[in-house]
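Please look through the sequence and the model below, and keep both at hand while you read. The paragraphs that follow take you from a few single side chains to the chain as a whole.

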Amino acid sequence: MPNNEPNPVNRVSDAWNTVASYSSYTEAQSAVDRLSDEKFPVEQIDIVGSDLRLVEHVTGRMTKGRAAGMGAASGAWFGLFIGLLVGLFTTGGAWLGLILGGLAIGALWGAVFGFVGHVATGGRRDFSSTQSLAAARYDVIVRGGHADRARGILQREGLSGTA
């Protein structure tokens, strides 16, 4: 249903007040921690990251051998889990054999799947990496009419940021 008002009310934006902006999450976290120390109602605070970007850190070259090794390690954990699970219902010396067998079979199949999976990429991704999200700015936002008090505390403590 369209809103025919000339300036529609956005209750969420109106209820939120940015009291400070920081260039790092650690700074925003320190500001909220300081507010908490002052017995501020922290349940009224949000830290909002803006201007998000994906950061991919390349950790190394991915070879067929490394892919097989990583697959073997992953498969060994899964095999160990299955061996332990089946071992719960076994008595006697067969228990150790189930665990070691599960570990070995899991490592073997993991290595095969890791190798085949890497070969299937056709060399289009011959590196390993980790990914994370980073924001250019972190805003400390206060709801419920407490913004002025929060600004006062942060200014007094020298944590007022750029807002």
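In this predicted model, a good place to begin is Trp109, which has a relative accessibility of 48% and therefore counts as partly exposed. Its partner in an aromatic pair is Phe113, and because the relative accessibility of Phe113 is 58%, above the 50% cut-off, this residue counts as exposed. Both residues belong to helix H4, which covers residues 94–120, and they stand four residues apart, about one turn of the helix.

How is such a pair described? A pair of aromatic rings is characterised by the distance of the centres together with the angle of the planes. For Trp109 and Phe113 the distance is 5.8 Å centre to centre and the angle between the planes is 35 degrees, and the pair is tilted.

How many aromatic pairs does a search of the whole structure find? There are two, and the other one brings together Tyr25 and Tyr138, whose ring centres are 5.8 Å apart and whose planes meet at 70 degrees, so this pair is edge-to-face. Here the partners come from distant parts of the chain, since Tyr25 lies in helix H2 (residues 25–37) and Tyr138 in strand E3 (residues 127–142), 113 residues apart. Tyr25, with a relative accessibility of 41%, counts as partly exposed, whereas Tyr138, at 14%, falls under the 20% cut-off and so counts as buried.

From these pairs we can turn to the interior. The largest nonpolar core has 17 residues, and those with the most contacts inside it are Val19, Tyr22, Leu35, Phe40, Ile45, Val140 and Leu154. At least two residues of this core are supplied by each of strand E1 (17–22), H2, E3 and helix H5 (147–156). Phe40 can serve as an example of the surroundings found there: leaving aside residues up to four places away in sequence, Phe40 touches Leu35, Ile45, Val142, His146, Arg149, Ala150 and Ile153.

Finally, consider the chain as a whole, which has five helices and three strands, arranged from the N terminus on in the order α-β-α-β-α-α-β-α. Of its 163 residues, 25% count as buried, and the accessible surface comes to about 10900 Å², with 60% of this surface belonging to carbon and sulfur atoms. Among the contacts between residues at least 6 apart in sequence, 85% join residues at least 24 apart, and the pair of Tyr25 and Tyr138, 113 residues apart, likewise links distant parts of the chain.

Methods:
Residues are numbered from 1 along each chain as its sequence is written. This is a predicted model: local features need pLDDT of at least 70, side-chain atom pairs count only at pLDDT 80 or more; totals for chains, interfaces and linings use all residues. Side-chain values use heavy atoms; hydrogens and water are left out. Rings of Phe, Tyr and Trp (its six-membered ring) pair if their centres lie within 6.5 Å; planes under 30 degrees apart count as stacked, over 60 as edge-to-face and the rest as tilted. Buried means under 20% relative accessible area, exposed over 50%, partly exposed in between (1.4 Å probe, protein chains only). Contact means heavy atoms within 4.5 Å. Accessible areas come from the Shrake-Rupley method with a 1.4 Å probe; for residues, only the protein chains shown count as cover. A nonpolar core is a set of buried Ala, Val, Leu, Ile, Met, Phe, Trp, Tyr and Cys residues joined through side-chain atoms within 4.5 Å.
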